[in-house]
Amino acid sequence: MVASSNLREGAHVITYEDFERATLFFDAKDYAGAARLLAPVVAEEPGNRAAVELLARAYFHSAQLGRAEETFRRLVELDPCNGWAHEALARTLERRSRPDEARTYRNLARAMGVGSAEKVDVSLTAADLA
């Protein structure tokens with residue numbers, strides 16, 4: 001869990017409020033903004049599954065697919081029994097034109113009881129591309 005106190009003396013203070021602010025950006029569909037806020041949270045707490053998941057989703061929705069793939073892979077490593085994470089990684093790999101690799105993760109997700117994800121609407125603005 002992201003704490004509301006210093007995580008490391010002399011380092012940037014990462015707080016629960018930072019995570020909450022990033023969640024607000026994500027909910028407002030400012031996915032690139034959410035990713036910018038979440039990256040330092042995940043850097044400070046790489047084992048925080050909630051922060052890693054939200055960062056991966058923000059990367060996916062802002063079409064930063066290389067970063068999304070890397071971050072979903074981290075989520076799968078942190079929580080290998082999370083079928084949703086396997087499905088999300090499969091969707092990311094499909095969007096990167098790697099359906100054969102995606103099939104492996106989709107099959108794992110199905111074995112864990114997670115069905116195929118619905119198509120995801122990824123909205124981009126000029127600000128997201130900057």
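Contact here means heavy atoms within 4.5 Å. With that in mind, welcome to a short tour of a predicted model.

**Figure 1. The whole chain is built from 7 helices and 0 strands.** Reading from the N terminus, the elements run α-α-α-α-α-α-α. Of the 130 residues in the chain, 40% are buried. The accessible surface comes to about 7200 Å², and carbon and sulfur atoms account for 52% of that surface. For contacts between residues at least 6 apart in sequence, 50% join residues at least 24 apart.

**Figure 2. Helices α2 and α3 pack at an angle of about 150 degrees.** Here you can follow α2 through residues 31-44 and α3 through residues 49-61, with axes 8 Å apart. Their crossing is left-handed. On the α2 side, the contact is made by Tyr-31, Ala-34, Ala-35, Leu-38, Ala-39, Val-41 and Val-42. Helix α3 contributes Ala-51, Val-52, Leu-54, Leu-55, Ala-58, Tyr-59 and His-61. Sorted by class, the residues of this contact are 13 nonpolar and 1 polar, with no charged residues. The polar one is His-61, because Ala, Val, Leu and Tyr count as nonpolar and His falls among the others.

**Figure 3. Phe-26 and Tyr-31 form an edge-to-face pair.** The chain has 3 aromatic pairs in total, and this view settles on one of them. The ring centres of Phe-26 and Tyr-31 are 4.9 Å apart. Their planes meet at 65 degrees, and an angle over 60 counts as edge-to-face, so the pair earns that label. Both partners are also buried, because each falls under the 20% cut-off: Phe-26 has a relative accessible area of 8%, and Tyr-31 has 7%. Tyr-31 may look familiar from the previous view, as it is also one of the α2 residues in the contact with α3.

**Figure 4. Leu-93 sits in helix α5 with 0% relative accessibility.** Helix α5 covers residues 83-95, and Leu-93 counts as buried. Leaving aside residues up to four places away in sequence, Leu-93 touches Glu-69, Arg-73, Arg-98, Glu-101, Ala-102 and Tyr-105. Take a moment to find Glu-69 in this group: Leu-93 and Glu-69 are 24 residues apart in sequence, yet their C-alpha atoms are 7.1 Å apart in space.

**Figure 5. Thr-92, also in helix α5, is buried.** Its relative accessibility is 0%. Again setting aside residues up to four places away in sequence, Thr-92 touches Phe-60, Leu-65, Ala-68, Glu-69 and Phe-72. Glu-69 links this view with the one before, since Glu-69 touches Thr-92 and Leu-93.

**Figure 6. Ala-63 and Ser-97 each have a positive phi of about 60 degrees.** Neither Ala-63 nor Ser-97 is a glycine. Look for Ala-63 in the loop between α3 and α4, where α4 spans residues 65-78. Ser-97 is placed in the loop between α5 and α6, with α6 running through residues 99-111. How exposed are these two loop residues? Ala-63 has 34% relative accessibility and counts as partly exposed, because that value lies between the 20% and 50% limits. Ser-97, at 62%, is over 50% and therefore counts as exposed.

How values were computed
Residues are numbered from 1 along each chain as its sequence is written. This is a predicted model: local features need pLDDT of at least 70, side-chain atom pairs count only at pLDDT 80 or more; totals for chains, interfaces and linings use all residues. Side-chain values use heavy atoms; hydrogens and water are left out. Axes are lines fitted to C-alpha atoms, for helices over the stretch in contact, and angles run from 0 to 180 degrees between N-to-C directions. Helices (H or I, at least four residues) and strands (E, at least two) are DSSP runs, numbered from the N terminus. A crossing is left-handed if the near helix is turned anticlockwise from the far one by less than a right angle, and right-handed if clockwise. Buried means under 20% relative accessible area, exposed over 50%, partly exposed in between (1.4 Å probe, protein chains only). Accessible areas come from the Shrake-Rupley method with a 1.4 Å probe; for residues, only the protein chains shown count as cover. Rings of Phe, Tyr and Trp (its six-membered ring) pair if their centres lie within 6.5 Å; planes under 30 degrees apart count as stacked, over 60 as edge-to-face and the rest as tilted.
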